[in-house]
Amino acid sequence: MKYGIIYRRTTKNIGDDVQSYAQLQWLPSLDYLVDIEELDAFKSDNDEPVATIMSSWYMWQKWNWPPSKDIYPLWVGFHYNDIQRGRPRGMPSKWEYVDNGPGHEYLKKYEPIGCRDYYTQARMDELGIKNYFSGCITLTLKKRKIVKPEREYIVINGVAKPVEKAIKKQLEGSGIDIKVLAPTRPEPSTDMPWAERQAQVEEMLDLYQNAKCVITFRLHCALPSLALGTPVLLVRKSFKSVRFKPYSDWLHHAFDTEVIEGKYKDWFLNPPANPDDYLETRHALEKTVSEFLEKAKNETRKASELDRLKIDPDELMKWQHARMKETLHSYHIESQIDLGEMNRLKRKVANCENKISEYENKLAEMNKVKEENKMYRSVVSYSFASFLYRLRKSLGRIKRKIFK
């Protein structure tokens, strides 16, 4: 048996690599990197199975589903979302690759699926796939070496700029340093070797471990800090994202406005310990991973023998192509509807702008009349009388037509 980690080769988000690193800490060796966006194309040497902890967000390029037979998977920390459809770097697919056919059958073969959040669980329920809440693999991160810093410091990762500015101002003169970390890289890390990524993750985790506290907007900064035992405050404008249940309930959390108003200044100076509500989930996940790796260690069969889907590659490709055509067509129809609605709204806006322009011109004329104080009353009176005369004249013509 060989071992691999799921990673996203083209990511800018360092949190993706933190998640891959959390998988790596469990493995006896790292033999393969499995790109999450090329799952169906992954191939091992000599038909050897590659034990992989499949904890991640699936997936942007959904047509690369289901995964290769060479992957020997543990399905925990599974998050599947369709919000990519509305994003510039996303794709047209929603749930088409898991709602029927081989994509659906694959997940059925590996039931129950450990889900990272309640939203994914609900979607799995709708699809008739047995599941349970496993939590995210980052909850199992092991503690780092404790090194007492020369000066206490707080880590800020990814919060809104007004929040960052407010925290810095509130802690002026406190003797506490502030280290601001970027949650993303400037460019996608397509060609960055894993060793370099790993070093970057370990440096970041060391900073989290030895910080007085961590203040973050990011889930994959908050959960590692929680696992390491460092007091962490999750600060966001809203906690409505489906990805944050139940984690926001397990963490100290605050709204942007509350931090900006200074309500958490004392918290920063004397951060309380994290709640321990997550520990039951962490221990269950650790047990699941340990049992999986023990089973993998004793497995001697080839990947083709362990393959549960057992579908002809040509048949699988036909299904993938059919799904792709369907999703592209539905996306095209949806886009055309959106375009038509957009044009209608543009016309409505243009009409409103024309009316506003007319009213502004009339207002300018009225103001001009007002400036001519001496003539104002007489002009208004004459205009009203003239209007009333014309109205009465028109009414007389209408009456004559009616009673003719």
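Helices and strands here are DSSP runs, numbered from the N terminus. The exercises below concern a predicted model.

**Exercise 1. Place Val242 and describe its surroundings.**

Solution.
Step 1. Val242 belongs to the loop that runs between β12 (232-236) and α7 (247-250).
Step 2. Partly exposed covers the range between under 20% and over 50% relative accessible area. Val242 has 32% relative accessibility, so it counts as partly exposed.
Step 3. Not counting residues up to four places away in sequence, Val242 touches Asn81, Asp117 and Tyr119.
Step 4. Asp117 is 125 residues from Val242 in sequence, yet the C-alpha to C-alpha separation is 7.4 Å.
Step 5. Tyr119, touched by Val242, is also a member of an aromatic cluster that includes Trp75, Phe78 and Tyr80.

**Exercise 2. Decide whether Arg185 is buried or exposed, and list the polar contacts of its side chain.**

Solution.
Step 1. Arg185 sits in the loop between β10 (177-181) and α5 (194-209).
Step 2. Its relative accessibility is 5%, and therefore Arg185 counts as buried.
Step 3. The Arg185 side chain makes a polar contact with the side chain of Asp17 at 2.5 Å. A polar contact with the side chain of Gln200 is at 2.8 Å.
Step 4. Leaving aside neighbours within four places in sequence, the residues in contact with Arg185 include Thr11, Lys12, Asn13 and Ile14, along with Met192 and Arg197.

**Exercise 3. Work out how the side chains of strand β5 are arranged and which strand is joined to β5.**

Solution.
Step 1. In a regular strand, side chains alternate between the two faces of the sheet.
Step 2. In β5 (residues 71-74), Ile71 and Pro73 point one way, while Tyr72 and Leu74 point the other way.
Step 3. All of these residues are buried.
Step 4. Strand β3 (residues 50-53) runs parallel to β5, and four bridges join them. Val50 has Ile71 as its bridge partner in β5.

**Exercise 4. Characterise the pair formed by Tyr58 and Trp65, then look at the peptide bond that follows Trp65.**

Solution.
Step 1. The structure holds 20 aromatic pairs. In the pair of Tyr58 and Trp65, the ring centres are 6.2 Å apart and the planes are at 75°.
Step 2. Planes over 60 degrees apart count as edge-to-face, and the Tyr58 and Trp65 pair is edge-to-face.
Step 3. Both residues are buried. They belong to one aromatic cluster, which also includes Trp95, Tyr106 and Tyr110.
Step 4. The peptide bond from Trp65 to Pro66 is cis, with omega near 5°. Pro66 lies in the loop between β4 (56-58) and β5.

**Exercise 5. Identify the backbone features at Pro112, Asn46 and Lys310.**

Solution.
Step 1. Most residues other than glycine have a negative phi, and most peptide bonds are trans.
Step 2. Glu111 and Pro112 are joined by a cis peptide bond, with omega about -5°. Pro112 is in the loop between α2 (101-109) and β7 (113-115).
Step 3. Asn46 has a positive phi, near 55°, and lies in the loop between β2 (32-35) and β3. Its relative accessible area is 64%, so Asn46 is exposed.
Step 4. Lys310 has a positive phi of about 50° and lies in the loop between α11 (303-306) and α12 (313-371). Lys310 is exposed because its relative accessible area is 55%.

Notes
Residues numbered from 1 in each chain as written. Predicted model: local features only at pLDDT ≥ 70, side-chain atom pairs only at ≥ 80, totals over all residues. Heavy atoms only, no water. Helix = DSSP H or I, 4+ residues; strand = E, 2+ residues; numbered from the N terminus. Buried < 20%, exposed > 50% of the residue type's maximum accessible area, 1.4 Å probe, protein only. Polar contact = N/O pair within 3.5 Å; in protein donor to acceptor, adjacent residues only side chain to side chain. Contact = heavy atoms within 4.5 Å. Pairing = 2+ DSSP bridges. Phe/Tyr/Trp six-rings, centres within 6.5 Å; stacked < 30°, edge-to-face > 60°.
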